[in-house]
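Here are my notes on this one, as numbered points. Have the viewer open while you read, since I jump between side chains and the overall fold.

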Amino acid sequence: MKKLTSITMAFALTLLVSSFAFAMQGMDHGNMKAGDMSVHESMKVMEDNLALMKADVETMKDPAKRKAAMGAMNKHMNDMHHGMAGVEAHAKKNHDKHMEASMKQLNKEMMITMKGMGVTKKDADKGIPMMMDGIHKMENTIQKMKSMK
C-alpha cells in the first residue's frame, strides 16, 4: 500500500509540473515574428488592452458582473500578450537591452495582475487591489517604454 501511495504521489507531482510547464509554454512572447506588427502598433495594442483591463477590474467590483468581467479580462490579457510579443521581438531584433529589460518588468507586472485575478475568485477585497496595483505598474512601465522609442 505504501508503494502504491508513493507511486501515485510521484505521478501526481509529475503531472502537476508538466501541466505547469505546458501552461507557461505560451508565455514567451519573443517567439513571435518581429514583422507581425510594428513597435508602434504593438505599443498601441498594449495601451488599448491595458485600458480595457482597467475597465474590466472596475466592472469586477460588482459581484453580479464579476464572472463576465473575468472572461473579458482574460481576452484583453491575451490581446495584451500579442502586443507584448511584438515589442519583445522588436527589442530582440534591434538588440535593445533597455527595452528588453522593460519588457521583463512588464511581464512581472502582468503576473501580479494575473495573480490578483486568481485571488479575486476567492476574495475580491484582496484580489481587486492586487490587479489594480499590477495594472498601475504596467501603465508606468509602458510610459517609460514610450519615451525609449
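1. Start with Lys137 and Asp133, whose side chains form a salt bridge at 3.3 Å, N to O. This is a predicted model, so read that distance as computed from predicted coordinates. Why do these two sit about one helical turn from each other? Because they are four residues apart in helix α5. Lys137 has a relative accessible area of 32%, so it counts as partly exposed. Asp133 also comes out at 32%, which again means partly exposed.

2. Helix α2 has a pair with the four-residue spacing too: Asp48 and Lys44 both lie in it, about one turn of the helix apart. Their salt bridge has its closest N and O atoms 2.9 Å apart. Are the two partners buried or exposed? Neither, really: Asp48 is partly exposed at 34% relative accessible area, and Lys44 is partly exposed as well, at 47%.

3. Then there is Asp79 with Lys75, a salt bridge at 2.8 Å, N to O. Both residues belong to helix α3, and four positions, about one turn, separate them. Asp79 has a relative accessibility of 22%. The cut-off for buried is under 20%, so a residue at or a little above that value is not called buried. Asp79 is therefore labelled partly exposed. For the tally, the salt bridges in the model come to six, and the pairs I walk through here include Asp79 with Lys75.

4. Stay with Asp79 for a moment and look across to α2. What does Asp79 touch once residues up to four places away in sequence are set aside? The answer is Val45 and Asn49. Asp79 and Met46 are 33 residues apart in sequence, yet their C-alpha atoms are 7.8 Å apart in space.

5. Met46 leads us into the nonpolar interior. The largest nonpolar core has 27 residues, and the members touching the most others are Met46, Met53, Met73, Met80 and Leu106. Which elements give two or more residues to this core? They are α2 (39-60), α3 (66-93), α4 (97-122) and α5 (124-148). Helix α3 supplies the largest share, with eight residues.

6. Met46 has a contact list worth selecting in your viewer. Ignoring neighbours within four places in sequence, Met46 is in contact with Met80, Gly83, Met84, Val87, Leu106, Ile142 and Met145. Two names on that list, Met80 and Leu106, also appear among the core members that touch the most others.

7. Now zoom out to the whole fold. The protein has five helices and zero strands, so from the N terminus the order reads simply α-α-α-α-α. How far apart in sequence are the residues that meet? Of the contacts between residues at least 6 apart, 73% join residues at least 24 apart.

8. Last, the surface numbers. Of the 149 residues, 33% count as buried. The accessible surface comes to about 9,300 Å², and carbon and sulfur atoms account for 62% of that area.

Methods
Residues are numbered from 1 along each chain as its sequence is written. This is a predicted model: local features need pLDDT of at least 70, side-chain atom pairs count only at pLDDT 80 or more; totals for chains, interfaces and linings use all residues. Side-chain values use heavy atoms; hydrogens and water are left out. Buried means under 20% relative accessible area, exposed over 50%, partly exposed in between (1.4 Å probe, protein chains only). Contact means heavy atoms within 4.5 Å. Accessible areas come from the Shrake-Rupley method with a 1.4 Å probe; for residues, only the protein chains shown count as cover. A nonpolar core is a set of buried Ala, Val, Leu, Ile, Met, Phe, Trp, Tyr and Cys residues joined through side-chain atoms within 4.5 Å. A salt bridge is a side-chain nitrogen of Lys or Arg within 4 Å of a carboxyl oxygen of Asp or Glu.
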